[in-house]
Amino acid sequence: MPELPEVETIANGVNARVQEHRIVSVWTSGKPQTFKSPESEIAEALTGATIDSVRRVGKTIVMTVTPGGPSFPASSDRVGLVPGAATSSRKPAPPAIPTEFLIHLGMTGRLLVSQPEVPPPPHTHAVLTLDDGREIRFVDPRRFGRLSIHHAQSPQPVTDNLQPGTSYTGPGREPLTISLEDFVTLFKGRKTPIKAALLNQSLLHGVGNIYADEALFRAGIRPRRQAARVTRAELTRLRAALQAVLRRAIKLGGSSVSDYVDAEGMRGYFQIEHKVYGRRGEPCLTCGTPIQKIALAGRGTHFCPTCQK
DNA sequence: CGTCCCACCTGATTGC
DNA sequence: TGCAATCAGGTGGGAC
């Protein structure tokens, strides 16, 4: 379901609602495929933790928490539900190690913040109950989504993107901030079609099927063109088009093509501005030629055979 | 290593 | 109308 603009909208919405709140309990469904880290590890990392922030990296939602789990309070008072209430001022808290909860929504994942009396939807796979009773719910019918824990200070293999002891940076580069030089370099020597390269998360992360098609249309480039043969001038246009499309979509709250909704259950509106995606057979908004739909890299691919070279 | 293809799932829509 | 085939915004693993 969600690509960069949708994930950004969801992460920002959830962040505004849950930042600084404490997670008092964690429930998980036991569906093994959903959990990239063991459920016990997720429950242990999050129970009692305070949410520092929720943000987007690529298509992944990253919830950073400060642990406060059962390790030291030893279940002293379960009555004191007031946040920030006296937590036995005997010792200074041990140096809190930030932990990151990674939520990938797959195709149909949703992250909702709900009042407890609202019945959980079908296919709810994780529930984080907050100190005020509200629940952060991960719902995912197709179960392509993944939940995992990333320990920000645990030893990490040193790679281009993952330094020891740093926070999660994702597999590729952020399309909104990548420089032109780096963008051009990404495609050098790649024989794969330009659209497949755009979808490759270890190059750029966050770009999915809708925004790849929309950016290629706006840049006037056919999706099947070999990446290495797209000229520098075209790549300059492509980067600008991609960034413009993503920014505009974020501004409109993402694209709701079926039942995508953000943390508050609101739809996005960028689908109104789709120029090719989902418009097979309809006239190109620039030249009137019917929009074609082909299969490329296993994905439905939309383009204007006249405007895109 | 780069690239292709399919499997992983459920639900909505299309087509006979 | 009914039911089966097809398709869906994403990834990750295996084959080549």
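**Overall organisation, helix packing and the DNA strand B surface**

In chain A, residues 24 or more positions apart account for 65% of the contacts with a separation of 6 or more. The model is a predicted one, and its chain A contains 6 helices and 10 strands. Chain A has 309 residues, of which 46% count as buried.

Helix α5, which spans residues 209-219, illustrates burial within this chain. Of its 11 residues, 10 are buried, so α5 is largely enclosed by the rest of the structure. The buried positions of α5 are Asn209, Ile210, Tyr211, Ala212, Asp213, Glu214, Ala215, Leu216, Phe217 and Ala219. The elements that cover these residues include the helices α1, α4 (194-199) and α6, together with strand β10 (299-303). Immediately after α5, Gly220 adopts a positive phi of about 70°.

Two of the helices that cover α5, namely α1 and α6, also pack against each other. Helix α1 comprises residues 4-18 and helix α6 residues 232-251; their axes are 9 Å apart and form an angle of about 35°. The crossing of this pair is right-handed. On the α1 side, the contact is made by Leu4, Pro5, Glu8 and Thr9, and on the α6 side by Leu246, Ala249 and Ile250. Grouped by class, the residues in the contact of α1 with α6 are 5 nonpolar, 1 polar and 1 charged.

Burial is also found in loops. Ser37 is placed in the loop between β1 (23-28) and α2 (39-46). The relative accessibility of Ser37 is 7%, and with buried defined as under 20%, this residue therefore counts as buried. When residues up to four places away in sequence are not counted, Ser37 touches Ile42, Leu147, Ser148 and Ile149. With Ile149 there is in addition a polar approach, in which a polar atom of the Ser37 side chain lies 2.9 Å from the backbone nitrogen of Ile149.

A second loop position, Gly109, is located between β4 (99-104) and β5 (110-114). Because its relative accessibility is 0%, Gly109 counts as buried. The C-alpha atom of Gly109 is separated by 5.6 Å from that of Val139, although these two residues are 30 residues apart along the chain.

The model further includes DNA strand B, which is surrounded by Gln33, His123, Pro141, Arg142, Arg143, Phe144, Arg190, Lys191 and Thr192. The residues of this surface divide into 4 charged, 3 polar and 2 nonpolar. On the DNA side, 62% of the strand B atoms within 4 Å of the protein belong to sugar or phosphate, and the rest belong to bases.

Individual polar approaches to DNA strand B involve both bases and phosphates. At a base, a polar side-chain atom of Arg142 lies 2.7 Å from an oxygen of the strand. At the phosphates, a polar side-chain atom of Arg190 is 3.5 Å from a phosphate oxygen. Thr192 instead presents a polar backbone atom, which is 3.3 Å from a phosphate oxygen of DNA strand B.

Methods:
Residues numbered from 1 in each chain as written. Chains lettered and ligands numbered in written order. Predicted model: local features only at pLDDT ≥ 70, side-chain atom pairs only at ≥ 80, totals over all residues. Heavy atoms only, no water. Near = heavy atom within 4 Å. Polar contact = N/O pair within 3.5 Å; in protein donor to acceptor, adjacent residues only side chain to side chain. Nonpolar A, V, L, I, M, F, W, Y, C, P; charged D, E, K, R; others polar. Axes fitted to C-alpha atoms, helices over the stretch in contact; angles between N-to-C directions. Helix = DSSP H or I, 4+ residues; strand = E, 2+ residues; numbered from the N terminus. Left-handed = near helix turned anticlockwise from the far one by under 90°. Contact = heavy atoms within 4.5 Å. Buried < 20%, exposed > 50% of the residue type's maximum accessible area, 1.4 Å probe, protein only.
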